[in-house]
Each structure stands twice: as C-alpha cells, then as structure tokens.
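Please find below a colleague's note on the ligand surroundings in this entry, set out as numbered points to be read alongside the coordinates.

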Amino acid sequence: KSIVILISGRGSNMEAIVNAGIPGARIAAVISNRPDAKGLAFAAARGIPTAVVDHKAFPSREAFDAALAETIDTHGAELVVLAGFMRVLTDAFVRRYEGRLMNIHPSLLPSFPGLHTHQRAIEAGVRAHGATVHFVTPALDCGPVVIQAVVPVLPGDDEDSLSARVLRQEHRIYPQAVRWFVEDRLTVTAQGQVRVRDEA
Ligand code: GRF
C-alpha cells in the first residue's frame, strides 16, 4: 500500500515508520507544511520523494487543504499518516480521506486533547499518561482509537522527561498501527470502535 506521511518538524515518528520497513508498505512521499522541517532531510536521504506545501502561501485553510490534497493525490496515497503535523485540517479534507487518515497524539485520549499534553498531565497529577494512534474524524484529536501506549508519570518528572518516555512508545505504536492498516486488519464498527483482526 502506498503511504504519504505529513510532518511539520523533527519527524521522528516518520523515521520510525520508515525504519520499520513494513512489508507491503511503500512510503510514496513525505510532505511538510514547513520548508524548514528537519524530517525532510531524513526522507530525502532515504530516497523518499519530498514536497513542501507552505501554509503561509495560502489565503485560507480551505485553499491550503486543497493544495495539500492535490499533492497527496499526486502520489496516490492509500493511507495518509499525520506524524507531528501541526495544522488543523478542514472537515472537507478529513472527509476526503475518511478511514485512511491516521494521527498520533501524545496523550491517552480522550484525556488531554490539544497542545502541551505532557505539562498538563503533570499539572493534573495523573499517574498514567501515554500516546494514542487514532483515525481522524472532523473533531480535533478525536476519532476511533487504533492503539494506545501507557507510561507512568514518575515523581520528579518534568515536561522533557515525560515527553521522552512517551515518544519512545510513539515510535513503537505508530509503526504497529500502520502495519495493521497495510495488512488490512483494521475495521471500524458503527459505534466507532476499531477492531484488529487476528493475523491470517
Ligand atoms: C509527537 O509527540 C507527536 O505525538 C506530536 O508531535 C510530536 C511530533 O514529533 N503530535 P516528531 O515530529 O514525530 O518527532
């Protein structure tokens, strides 16, 4: 299956997915909304086509999303993977890729949608935190949960120590979620729950 990965920055989740070498997965392109995204260099060095669709060059979200979709479709994506992609997408964009658009969010959703999740988890005093891979639906940081990883919040944790602990798990669960998708093992029930079929 052809996969397009969208990034905005470092791209370590994209790297983890590329390095996983998932059988049957072809990384068709890595696209960034920021020309200076660090992850673009890694992708290019691996011979993966890269593109920049700079949101600053468009007058509206609709115009940006339309250009982004056009670029994605040029590469014939069967799965679109948001990996640290820091733009809110329009409903029209999300609907266009419904069922084949995934995101990773650094919290145990539905806790802590939005930004600064690690700091907010520390301030809330929760003992467990983590990351969630989910199919994207129009509401922000919502949608059927594919896989989650749980990490402890330890006494003395700060944003850096906690985010590093979570990130290690992100690099494990995102390739796993993509692998399941590529193996055609994921279905979403009418109630919005993801079922993972047993390996054939
Ligand atoms: C990750 O923590 C991801 O969950 C969040 O932004 C960060 C991106 O990191 N949405 P990277 O660009 O994949 O290294």
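**Notes on the ligand shell**

1. Ser-12 belongs to helix H1, and the reader should keep in mind throughout that the model is predicted. Ser-12 is classed as partly exposed because 18 other C-beta atoms lie within 10 Å of its own, whereas a buried residue would need 20 or more. Once neighbours within four places in sequence are set aside, Ser-12 is in contact with Leu-167 and His-171.

2. Asn-13 is likewise found in helix H1, but here the environment is classed as buried, because 25 C-beta neighbours fall inside 10 Å. With neighbours within four places in sequence again left out, the contacts of Asn-13 are Ala-83, Gly-84, Ile-104, Glu-170, His-171 and Tyr-174. His-171 therefore appears in the contact list of Ser-12 as well as in that of Asn-13, by the criterion of C-beta atoms within 7 Å.

3. Which residues of the shell are closest to the ligand? The shell comprises 13 residues, and the closest are Arg-10, Ser-12, Asn-13, Gly-84 and Pro-106. Helix H1 (12-20), strand S5 (101-105) and helix H6 (159-182) are the elements that each contribute two or more residues to this shell.

4. As to its chemical make-up, the shell around the ligand consists of five nonpolar, six polar and two charged residues.

5. The UniProt record, an unreviewed entry, carries a "binding site" annotation that covers Gly-11, Ser-12 and Asn-13, and such annotations may be inferred rather than shown by experiment. Ser-12 and Asn-13 are also listed among the residues closest to the ligand.

Key:
Residues are numbered from 1 along each chain as its sequence is written. This is a predicted model: local features need pLDDT of at least 70, side-chain atom pairs count only at pLDDT 80 or more; totals for chains, interfaces and linings use all residues. A residue is near a molecule or strand if its C-beta atom, placed from the backbone, lies within 6 Å of it. Helices (H or I, at least four residues) and strands (E, at least two) are DSSP runs, numbered from the N terminus. Ala, Val, Leu, Ile, Met, Phe, Trp, Tyr, Cys and Pro count as nonpolar, Asp, Glu, Lys and Arg as charged, and the others, Gly among them, as polar. A residue is buried if 20 or more other C-beta atoms lie within 10 Å of its own, exposed if 12 or fewer, and partly exposed in between; C-beta atoms are placed from the backbone. Two residues are in contact if their C-beta atoms, placed from the backbone, lie within 7 Å.
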